[in-house]
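Student: I would like to go through this model step by step, from strand pairing to the metal site. Please reason briefly before giving each answer.

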Amino acid sequence: MTSSGSNRLGEFEAIAKLFAPLAAKEPGALSLTDDAAILDLPFDEDLVVTVDALIEGVHFLRDDPPATIAKKSLRVNLSDLAAKGATPRAYLLSLSLASWVGDDWLTQFARGLGEDQEQYGIALIGGDTTATPGPLTISITALGSIAKGMMIRRSGAVAGDCVFVTGTIGDAGAGLAVLKGGGGTLDKNERAALIARYRIPQPRSALGPRLLYIASAAIDVSDGLIADLAHIAETSGVRIVVEAARVPLSDPFREMFGGDDEAIIRAATAGDDYEIAFTAAASARARIEGLGFPITEIGRVEKGEGVVLLSRDGKALKLSKPGFTHF
Ligand SMILES: [Mg+2]
């Protein structure tokens, strides 16, 4: 772990000590005492790399619990690895610390990372800490591995494929609406369930590697189902048709917004789901069902371009915005 900002160097050394235990299980991390780490991969595997930065006031609020900020920072990256079919191996952490961040915050943040490391079987192998006059910024680079040449790309969908999505869609967006004062008709458990979906994503890490040899294209749903499927459509050079009635909604979401076309548009254009949307040949249906995960077939791939959301009577629904963007 290196640091810069010489006036706070003593402090940064203390931070490095705080994070060193997170590197203990990975010998190649060299206890965060060297300039770089070593990651050993079998000769028949590729390294899959992804990075995401979370910024105070944009992706989280200063008052959010530090452990959940830590988990969200890590898990949005694990979600990207899962969608690519990769198995998570290690991660690097870059912290730009705002002046309000104190020891107590950092201790809880490190605790959150430690808990997730146990859950997902990864370790910290390096990082950097700086002081910033701006907002607290957490950047995590996650490293995964996969059988050589097998990463599931956005570009592999072909006309005739079916479209699938894991879990339920729209819950995190609903959780944010609850935090903003909505959801008056929900009971305590329903409110908690939706807020948890917003605060702590549940990346599909167990499923991702099992989509190898099944999915023709995949993406994690972070900006909204429609917006993310549009990335697959564009990269693959196809048109994706989604049937609104088949978009999976949770019970708390239905309780809050109902299940009509307007509610489905809300769900399909909300962000932060961290489910996996993927395409696969129709012949893969039985294998997909056999995986034992909550996966719903929601549409089909055709020749053409763009994404269409079809209402029950077969009309294309108008979308004012395809998804949530953090910019
Ligand atoms: Mg992504």
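Student: How many bridges join strand S6 to strand S9?

Tutor: This is a predicted model. S6 covers residues 162–166 and S9 covers residues 276–280, and the two run antiparallel. Within this pairing, Val165 stands opposite Ala277 in S9. The number of bridges joining S6 to S9 is four.

Student: Which strands are the edge strands of the open sheet of six strands?

Tutor: The sheet has mixed pairing and the order S7-S9-S6-S10-S8-S11. An edge strand here pairs on one side only. The edge strands are S7 and S11 (306–310).

Student: By what angle are neighbouring strands of this sheet turned against each other on average?

Tutor: The sheet in question is the open one of six strands. With direction ignored, the average turn between its neighbouring strands is 25°.

Student: Which residue of S5 is the bridge partner of Leu95?

Tutor: S5 (residues 137–147) pairs with S3 (residues 87–97) in the antiparallel sense over nine bridges. S5 also pairs in the antiparallel sense with S2 (residues 45–55), over eleven bridges. On the S2 side, Leu54 stands opposite Ile138. The bridge partner of Leu95 in S5 is Ile138.

Student: How many residues of S5 are buried?

Tutor: Buried means under 20% relative accessible area. S5 has eleven residues and is mostly covered. The number of buried residues in S5 is eight.

Student: Which residues coordinate the magnesium ion?

Tutor: The coordinating atoms are OD atoms, at 2.0 to 2.1 Å. One of the residues lies in helix H2 (residues 66–83) and the other in strand S7 (residues 215–220), so the pair ties together parts that are 140 residues apart in sequence. The residues are Asp80, in H2, and Asp220, in S7.

Student: Is Asp220 buried or exposed?

Tutor: The relative accessibility of Asp220 is 4%. The cut-off for buried is under 20%. Asp220 therefore counts as buried.

Student: Which element gives the most to the lining of the largest cavity?

Tutor: The structure holds one cavity of 30 Å³ or more, and the largest cavity has a volume of about 60 Å³. Its lining consists of His59, Phe60, Asp64, Thr68, Ile69, Lys72, Tyr198 and Arg199. H2 and helix H5 (188–199) each supply at least two of these residues. The element that gives the most, with three residues, is H2.

Student: How many residues of that lining are charged?

Tutor: Among the lining residues are Asp64, Lys72 and Arg199. The lining also includes three nonpolar and two polar residues. The number of charged residues is three.

Technical notes:
Residues are numbered from 1 along each chain as its sequence is written. This is a predicted model: local features need pLDDT of at least 70, side-chain atom pairs count only at pLDDT 80 or more; totals for chains, interfaces and linings use all residues. Side-chain values use heavy atoms; hydrogens and water are left out. Donors are N, O and S atoms within 2.8 Å of the metal (3.2 Å for Na, K and Ca); water is not among the atoms, so sites may look incomplete. Buried means under 20% relative accessible area, exposed over 50%, partly exposed in between (1.4 Å probe, protein chains only). On a 1 Å grid over the protein atoms alone, a cavity is a set of points where a 1.4 Å probe fits but cannot get out, and a pocket is an open set with protein on both sides within 12 Å along at least five of seven lines; lining residues have an atom within 4 Å of a point. Grid points are joined across faces, edges and corners, and a volume is the space filled by probe spheres set on the points. Ala, Val, Leu, Ile, Met, Phe, Trp, Tyr, Cys and Pro count as nonpolar, Asp, Glu, Lys and Arg as charged, and the others, Gly among them, as polar. Two strands pair if DSSP finds at least two bridges between them. Axes are lines fitted to C-alpha atoms, for helices over the stretch in contact, and angles run from 0 to 180 degrees between N-to-C directions.
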